[in-house]
Amino acid sequence: MSWKNRGFEQNSKSVVSRKWSLLLCIGCFCAGMLFSDRMWSVPEVNDVSSTKMVEDEKLNVVAEGCAPQNKDVHHESKDIMGEVSKTHHAIHTLDKTIASLEMELAAARAAHESTLSGSPVSDNSKASQSTGKRKYLMVVGINTAFSSRKRRDSVRATWLPQGDKRKKLEEEKGIIMRFVIGHSATAGGILDRAIEAEDRKHGDFLRLEHVEGYLELSAKTKTYFTTAVALWDADFYVKVDDDIHVNIATLGATLSSHRLKPRVYIGCMKSGPVLAQKGVKYHEPEYWKFGEEGNKYFRHATGQIYALSNDLATYISINQHVLHKYTNEDVSLGSWLIGLDVEHIDDRRLCCGTPPDCEWKAQAGNVCVASFDWTCSGICKSVERMKEVHRRCGEGENALWSAQR
């Protein structure tokens, strides 16, 4: 083949290749335009505005949802505080109810134990149950001993009503009065039989499940309050020694003036020295608990006479097994109450001297509740002098029956 012919063939092939390439490019371009139009369509203007409106509505909803919550925060806080206050009040009421039930349970348990033990107290318990849940003004327990028959008779002859008058005092004035005594170390011995005979004659004893003894006065005091609370529901429980003079109507009026106060402890408050020396009267073996030698006791009522409100006497009844006993009974009682929220009422009318002191005060219109001699911790020679003190310092029988309950 000549060079010209070969050149012509190359030119022809080149022309054909260019044509096919051009057609291929145009076909690819068209196919690409078609594919792009279907798969990647551009949203219209209306769609964009619609999307924006949806987002705005969502923001408005969120804003509206937050706004009312902010407005109600103050009211919601008030509601929460109100609920907290109601809950606190309900808890406080429940606590009082539980405490009341515990007191009633303790009293019922004490009465039940007395019945099971066959104590003479059970007779009083039956009498109390027969009268239902009557409320008394006060229970006066006159602390006495086996050897104090003459003292008891001197009290019966003066300020303690006897027979029908004593029963009338209970029914009309709500005042219970009993001599308080336990049992001898020899159960059923001559001492116990003498008390039983005396009780059959006068009917004015409260027998305790307690063995008598001078060093056991603190234990006797606990047992007295426990037994008295179990038998009688009273506003006040009073402990009195059998060698002091008491004006019952004046005592009742004094206690009534404190009737609306919770947890009151009434007496002649004192703070005597803690005696560490052995062999002396009122020696305190546990003197070291009160600090260095020469210290004084905390304030407490003198033991000749004092009164406790119902809730305090019930507290002693419930907790009797864990209350510590010191040698001196009045110190023991003060220690049981010192850690409580108690109002100590120091009333000097509960510790007047014997004539002429109480006589002068009576003439001045300030009748004493109780009279005794400090030097004797009671009326010196009380058996011989009780009638004289009663004559000169007594309030008169009419005062008792005319007193308002």
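**Aromatic pairs and a helix crossing**

Phe-290 is buried, and Tyr-297 is buried too. This comes from a predicted model, and the two residues make a handy way into its aromatic contacts. Their rings pair up edge-to-face, sitting 5.0 Å apart centre to centre with 85 degrees between the planes. The pair also belongs to a wider group: Phe-290 and Tyr-297 join Phe-298 and Tyr-326 in one aromatic cluster.

Searching the whole structure turns up seven aromatic pairs. Among them is Phe-372 with Trp-374, whose ring centres lie 5.1 Å apart. Their planes meet at 65 degrees, and since anything over 60 counts as edge-to-face, this pair gets that label. As for burial, Phe-372 has 0% relative accessibility and so counts as buried. Trp-374, on the other hand, is partly exposed, with a relative accessible area of 43%. Another tryptophan, Trp-401, has a charged neighbour: Lys-168 lies over the face of its ring, 4.9 Å from the ring centre.

Turning to the helices, H7 covers residues 217-231 and H10 covers residues 329-338. Their axes come within 8 Å and cross at roughly 55 degrees. That angle falls between the roughly parallel range, under 35 degrees, and the roughly perpendicular one, 65 to 115, so H7 is oblique to H10. The crossing of H7 past H10 is right-handed. On the H7 side, the contact involves Leu-217, Ser-218, Thr-221, Lys-222 and Phe-225. These meet Glu-329, Ser-332, Leu-333 and Trp-336 of H10.

Key. Residues numbered from 1 in each chain as written. Predicted model: local features only at pLDDT ≥ 70, side-chain atom pairs only at ≥ 80, totals over all residues. Heavy atoms only, no water. Phe/Tyr/Trp six-rings, centres within 6.5 Å; stacked < 30°, edge-to-face > 60°. Buried < 20%, exposed > 50% of the residue type's maximum accessible area, 1.4 Å probe, protein only. Lys NZ or Arg CZ within 6 Å of the ring centre and 35° of its normal. Axes fitted to C-alpha atoms, helices over the stretch in contact; angles between N-to-C directions. Helix = DSSP H or I, 4+ residues; strand = E, 2+ residues; numbered from the N terminus. Parallel < 35°, antiparallel > 145°, perpendicular 65-115°, else oblique. Left-handed = near helix turned anticlockwise from the far one by under 90°. Contact = heavy atoms within 4.5 Å.
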